[in-house]
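Please take a look at the sequence and the structure shown below. The questions and answers that follow are meant for someone meeting them for the first time.

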Amino acid sequence: MCDTCGCNLTPGNKHLAFKPVPKGATAVSVLKGLLAKNDDQAVHNREHFDRRGILAINLMSSPGSGKTALLEATLVALKDEFTCAVIEGDLETENDAERIRAKGVQAHQIVTGTACHLDAHLVHDALHQMSLDGVDILFIENVGNLVCPASFDLGQHLNVTLLSVTEGDDKPAKYPVMFRAADAMLLTKTDLLAVLDDFECDKAEAHLRNLANPAPVMRLSARKDLGMDAWLAWLRAQLAAQRARVAQGQSRRPAIQSDGMKYHSVTA
Amino acid sequence: MHELAVAQALVEQVDAVIDQHNAAQACMIRVRIGPLAGVVPELLASAFPLAAAGSRMEHAALEFIHAPIQVHCQTCGAETDAAMNRLVCGACGDWHTQVVSGDELLLESVELETTPSLTPDP
């Protein structure tokens, strides 16, 4: 078949080839979000969660800021209350999923190879390999990275961004796209504050407010069991809110996509 | 780092537009992009030829419309310019603002070349 020179035209299909198209160049206005395909898949994922009454939370942070340690402590604390499941995203290894499974919780590891973020399609494929029956809260631990994961909606309801006190209190100012997307910011490893003289929790919070982000800031240490109660209470409240939304046939998108969209003159 | 994934999504969308309009190829692609979208225009521009290789837009020019960062203040109602990591109201200084411009990542328009018309036999 040749579509270049017209040699595949026959009297039978000629009318299909000569559709009335104006000659030359035409400009077409599109105004569609570049990540529309990812966003469509994210909406589909969210429908999966809402149908089952699941609260989906996307955990984002630098590598090594304590996402998995936070999950380990959280899963143990909530063991008798809720059924949780975890999706782990890493470039390589099953290490994190194995740490979660060791706590008796279902975990699926997404190995991204070289990709620096999870996207809605990767999460969808993972969901189909998991048993979501009876799950109350699904945690998605994104690839450790303060840049790329913020731009991809996975279908989660909430973004939780961790900032460990060893990283510097100006991270929200340095990575505004990431911290603007946070529905909650957790300052982690606070037990180390005693030996650090250059991290001020109030400054980190001020940098977050400079991004016009009203998200709650919680200070905790998962390893030393400090400040975990406020985080667990926040999770309980968010699950209750999700159940109330589901009962009314409503859903919730994470911070970044919903805010301001109504003010935009062009919408995706 | 993730600009290649964005470039691939862009190619898919432009491809769909070419199909919709029965065009032969795209010659100009305009993308509206704001700093808060988390996508660097220069990196997207260098990733685009990789994603577009062999497609009906490999010769297309990629043009960016840079959206300025602007916020709407919920306290005083002013609309002011803002910096990427300081989204506070430029008039009253309050941080209760909404971003009204600067986080877009939009395929705004495409210029298409339609098939050179082969005159059908009489």
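**Two chains and their cores**

Q: How many helices and strands come to make up the secondary structure of chain A?
A: Helices (H or I, at least four residues) and strands (E, at least two) are taken as DSSP runs, numbered from the N terminus. In this predicted model, the secondary structure of chain A comes to 10 helices and 8 strands.

The model is a predicted one, in which local features need pLDDT of at least 70 and side-chain atom pairs count only at pLDDT 80 or more, while totals for chains, interfaces and linings use all residues. Residues are numbered from 1 along each chain as its sequence is written, chains are lettered from A and ligands numbered from 1 in the order in which they are written, and side-chain values use heavy atoms, with hydrogens and water left out.

Q: What pattern does chain B follow along the sequence?
A: Chain B contains 2 helices and 6 strands. Taken in sequence order, these elements of chain B give the pattern α-β-α-β-β-β-β-β.

Q: What percentage of the 122 residues in chain B is buried?
A: A residue is called buried when its relative accessible area is under 20%, exposed when over 50%, and partly exposed in between (1.4 Å probe, protein chains only). In chain A, which has 268 residues, 51% count as buried. In chain B, with its 122 residues, the buried part is 48%.

Q: Which helix supplies the largest share of the largest nonpolar core?
A: A nonpolar core is a set of buried Ala, Val, Leu, Ile, Met, Phe, Trp, Tyr and Cys residues joined through side-chain atoms within 4.5 Å. The largest one has 31 residues, and B:Val14, B:Ile29 and B:Met57 have the most contacts inside it. At least two residues of this core come from each of helix H1 (3–20), strand S1 (23–33), helix H2 (41–52) and strand S6 (105–114) of chain B. The largest share, 8 residues, is supplied by H1(B).

Q: Is H1(B) parallel or oblique to H2(B), and why?
A: Axes are lines fitted to C-alpha atoms, for helices over the stretch in contact (heavy atoms within 4.5 Å), and angles run from 0 to 180 degrees between N-to-C directions. H1(B) and H2(B) pack with their axes 8 Å apart, at an angle of about 55 degrees. Angles under 35 degrees count as roughly parallel, over 145 as roughly antiparallel, 65 to 115 as roughly perpendicular and the rest as oblique. The angle is therefore one that makes H1(B), relative to H2(B), oblique.
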